[in-house]
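Reader: I have a structure to go through and I'm new to this. Can you take me through some of it?

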Amino acid sequence: MPEKPKSSNTPELEGNHLKPEAVHQVKQWEVFKNRKRILSNPLPFHHEKFEQYGNTFIVHIGPGKRIVFTREPATVRNILQKNHRNYKKSELQTRDLAKYIGQGILTSEGDFWRKHRKMIQPAFHKEQLQGLLDLMYRAIRNELSDLPEDQIIDVFPKMSDLAFQVVAQSLFRAADFREDMNRLQEITEDNQKMLIREMRQPYLKWWFKLSGRIGHHLGLSEEARNLLDGLIEDRITSGKERGDLLDMLLDARYEDGSPMPRKQLIDELIILFTAGHETTANALSFAIFLIASHPHVQQKLYREVRGLDFEGDKLNILRNLGYAQQCIEEAMRLFPPVYVIDRVSLNPETLQGHAFPGGTTWLLSIYELHRSPELWDNPEAFIPERFEADLKKQYSGFYFPFGAGPRMCIGNVFAMNEMMLTMGWLVQNYRMSTPADVLEINPLISLKPGKVPLRLEKR
């Protein structure tokens, strides 16, 4: 049984006003010297600096530009929860990401965000999602029905396809647009890669514009919008209700009774596709690898699922997948899909005894927070039992796989349902193993795995 979490040795919020320059600094020349490895994977560089400087340090990225990195739990809670109104998302999301996926609940701020979050939230209530469980399960079963056996496969592309089709079926509840959905998936992934290059190579933005690369990807975004516009128009003109998420969004109303404008609806759909399939595919792939790497965990999970009838009542099945949930929660601790969260302060605030001015950019490292030896016993180990019901409450102050506060992921229940059903069905039907000891990770907008080698043997 895992031990209770350790207490952080770093101080809670204090009142002594020190200048932020008292925080350890990483100079711009060091960032430039490490630019190639940062472009490839910034997490080892981040970890080195956390180990060298402690839970908070400042990185200079250009003249007058700096980012405060932190894994201090009290600071993370303050920014995301306690004093969240003093912080907004950075321009990376509200401008750079938004130019590809629009102004929706992921990329908007202020009253605009609050109005649309309130409008969309009812579609993701547990009661509403129960009606989608059969639809979700059919998409899972169809995507997993042709898995090759007794050979090494890369399971990540399969999980990516699965997660995308689950979102597509839950949004549109139809089976005759797979070609359109495949194209939408291609556009989503291509544009994300371009955004990553812009983010990690800001000194080349002028070239990306001059060479037409940004214009090309904006054209892809317009193609995606036209594709979704056609699907919406077909639904409206058909006059048929299918009981899917699109119907719920079409029926949603502002406080004055008016519906969501078409442009806004398309923005929200693109964001649901982008965020809804990407993070789930990543988390599922990491969880599958970890379970395949730990036979004793897999056997315990099999004992839980072997007698379940997945063709029956899905809500009852989910109630009986407690250990599957623990496995997924532990996988998201080790490999949180949202591995960093950025915020910009609106007003000055004193944190950890240091006074930071308004306009300070913060990068909250969820990846480091979830692996901190100050907080977790044996933090690098995969121990699903640490998320048993009587233990998991102790981690609520520093376990944020779906974010925290008012901007916590709107689809967290949807994603957990999907991952639990997928994992339960897989382990019931296949014995999984992997030849890999570790996985290559690829931190893009979300934390993605490289290849996930897996061998499946039919039970």
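Author: A definition to begin with: a crossing is left-handed if the near helix is turned anticlockwise from the far one by less than a right angle, and right-handed if clockwise. Helices (H or I, at least four residues) and strands (E, at least two) are DSSP runs, numbered from the N terminus. This is a predicted model, where local features need pLDDT of at least 70, side-chain atom pairs count only at pLDDT 80 or more, and totals for chains, interfaces and linings use all residues. Residues are numbered from 1 along each chain as its sequence is written, and side-chain values use heavy atoms, with hydrogens and water left out.

Reader: OK. In which hand does H17 pass H20?

Author: The crossing of H17 and H20 is right-handed.

Reader: And which residues of H17 and H20 meet there?

Author: From H17 come Gln325, Ile328, Glu329 and Met332, and from H20 come Met416, Met419, Met420 and Met423. Contact means heavy atoms within 4.5 Å.

Reader: Gln326 is in H17 too. Is Gln326 buried or exposed?

Author: Gln326 is buried, because its relative accessibility is 13%. Buried means under 20% relative accessible area, exposed over 50%, partly exposed in between (1.4 Å probe, protein chains only). Beyond its neighbours within four places in sequence, Gln326 contacts Pro384, Glu385, Phe387 and Glu388.

Reader: Back to Glu329. With which residue does Glu329 form a salt bridge?

Author: Glu329 pairs with Lys392, and their closest N and O atoms are 2.8 Å apart. Glu329 is in helix H17 and Lys392 in helix H19 (residues 389-392), so the salt bridge ties together parts 63 residues apart in sequence. A salt bridge is a side-chain nitrogen of Lys or Arg within 4 Å of a carboxyl oxygen of Asp or Glu.

Reader: How many salt bridges by this rule?

Author: The count is 28 salt bridges. One of them joins Lys49 to Glu30, with the closest N and O atoms 2.4 Å apart. Lys49 sits in helix H3 (residues 43-53) and Glu30 in helix H1 (residues 28-33), 19 residues apart. Lys49 and Glu30 are both buried.

Reader: New topic. What is the phi of Gln352?

Author: Phi of Gln352 is near 55 degrees, a positive value in a residue that is not glycine. Most residues other than glycine have a negative phi. Gln352 is in the loop between strand S7 (349-351) and strand S8 (354-356).

Reader: Is Gln352 buried or exposed?

Author: Gln352 counts as buried, because its relative accessibility is 12%.
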